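Me: I have a model open and would like to talk through a few of its features with you. Shall we take them one by one?

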Amino acid sequence: MFPIDETLHGVNREPAVRTVVHLHGHKVLSESDGYPEAWLTNGFAQTGPFFEQRTYHYPNDQAATQLWYHDHALGATRLNNYAGLQGVYLLRDSVEGRLDLPDGPFEIPLTIQDRFFNPDGSLLYPTEDNGGDPDPRVPPVWIPEFFGDTVLVNGRVWPFLEVEPRKYRFRILNASNARFYHLTLNEAHPDGTPNGRPGPAFIQIGTDGGFLPAPVRLTDLTIGVAERFDVVIDFGGAEGKSFVLNNDAKAPFPDGEDIIPTNVMLFKVTRRLSGRDDGSVPRTLAPVPLIDPRTSVRTRDLVLSELDSDPPFENPIIALINAPWADPVTETPRAGSVEIWRIINTTGDAHPIHIHLVQF
Ligand SMILES: [Cu+2]
């Protein structure tokens, strides 16, 4: 289906189609975490060297939030996710249940991804053009950062959503391989062209880890790869209008020169109000316990670095966080202790990192 690079770490002699599921952001034991070398093939015919168990246990005992699950197989994650192996995973709790938020048909997940297509509509995953780089360590096929020219929401290209003139809750996920989005909502002509007037605000109520203490009113969102935004948008009083969700983030973020697809999706306020929508977004949402940095017992520097081939090519060869992949564990914090971790990115581009068990 897609080009395989046999030279990548984890690919050599392994079956081309292999997968393992990672529930991103969940509080889970390591044997259910989808370790990249715990992959399996269809029917468990073959398994990776770190495969432990067929059944995963998800305790679901953390604050209400939007997680997502995706393939995590070493050397194949970018292709498996591109093929569609991911989904939204919503956690609920009693705190959320007490908040008067749009729900049912008025709560909608929006998963944003970018893609290339072949003329027949099938997915295109390009191969690397390394510019004639003579360095034998440069992978010949792999694309270090994929950027497509077309945006999909929930698997559809440039879709529209017909809405009622009322509040909606959108659970936004950036499930793209590498693209950041800088999103604005603009009033538009019916064909999606902005007419120069701003759309309604994004009222952010939650992040990756769950609810904010209080809602925040925003006119734009910068959303990194794998990041989630929980927002309310009020289309009240906008009967007959259309609003386009636009993107203008550079790729690679924040100042690269790759292609920028500007259209994400369109909202058309064409449905009649099916019920009352009075009441506003709650002024307080959920208590967020903050850790006092003065109780920290240690500061750790974790350095993200990249080894590139010589100029003028400068193709990436390897990426590291403090140590090579197969080295022993280097960071062993004590359970219950407070530490400050400084994640230092020495590479040219923004690089999202998420940490399990700790929410921020
Ligand atoms: Cu994760």
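Me: Which residue stands opposite Pro316 in strand 19?

Reply: Happy to help, and do keep in mind that this is a predicted model. Strand 18 covers residues 298-308 and pairs with strand 19 in the antiparallel sense, over five bridges. The residue opposite Pro316 in strand 19 is Asp308.

Me: Which strands stand at the edges of that open sheet of three strands?

Reply: The order in the sheet is 19-18-20, with mixed pairing. A strand at the edge has a single partner strand, so one side of it is left without a neighbour in the sheet. That describes strand 19 (316-321) and strand 20 (339-345).

Me: On to the copper ion: is its donor residue His356 buried or exposed?

Reply: Three NE2 atoms coordinate the copper ion at 1.8 to 2.0 Å, those of His22, His354 and His356. In sequence, these donor residues are spaced H-x331-H-x1-H. His354 has a relative accessible area of 33%, which makes it partly exposed. Buried means under 20%, and with a relative accessible area of 19% His356 is therefore buried.

Me: And how many residues in the lining of the largest cavity are charged?

Reply: Nice one to finish on: a search of the whole structure finds one cavity of 30 Å³ or more, and the largest cavity has a volume of about 40 Å³. Its lining includes Asp5, Arg18 and Arg78, along with residues such as Ile4 and Gly75. The lining divides into five nonpolar residues and one polar residue, and the number of charged ones is three.

Technical notes: Residues are numbered from 1 along each chain as its sequence is written. This is a predicted model: local features need pLDDT of at least 70, side-chain atom pairs count only at pLDDT 80 or more; totals for chains, interfaces and linings use all residues. Side-chain values use heavy atoms; hydrogens and water are left out. Donors are N, O and S atoms within 2.8 Å of the metal (3.2 Å for Na, K and Ca); water is not among the atoms, so sites may look incomplete. Buried means under 20% relative accessible area, exposed over 50%, partly exposed in between (1.4 Å probe, protein chains only). Two strands pair if DSSP finds at least two bridges between them. Helices (H or I, at least four residues) and strands (E, at least two) are DSSP runs, numbered from the N terminus. On a 1 Å grid over the protein atoms alone, a cavity is a set of points where a 1.4 Å probe fits but cannot get out, and a pocket is an open set with protein on both sides within 12 Å along at least five of seven lines; lining residues have an atom within 4 Å of a point. Grid points are joined across faces, edges and corners, and a volume is the space filled by probe spheres set on the points. Ala, Val, Leu, Ile, Met, Phe, Trp, Tyr, Cys and Pro count as nonpolar, Asp, Glu, Lys and Arg as charged, and the others, Gly among them, as polar.
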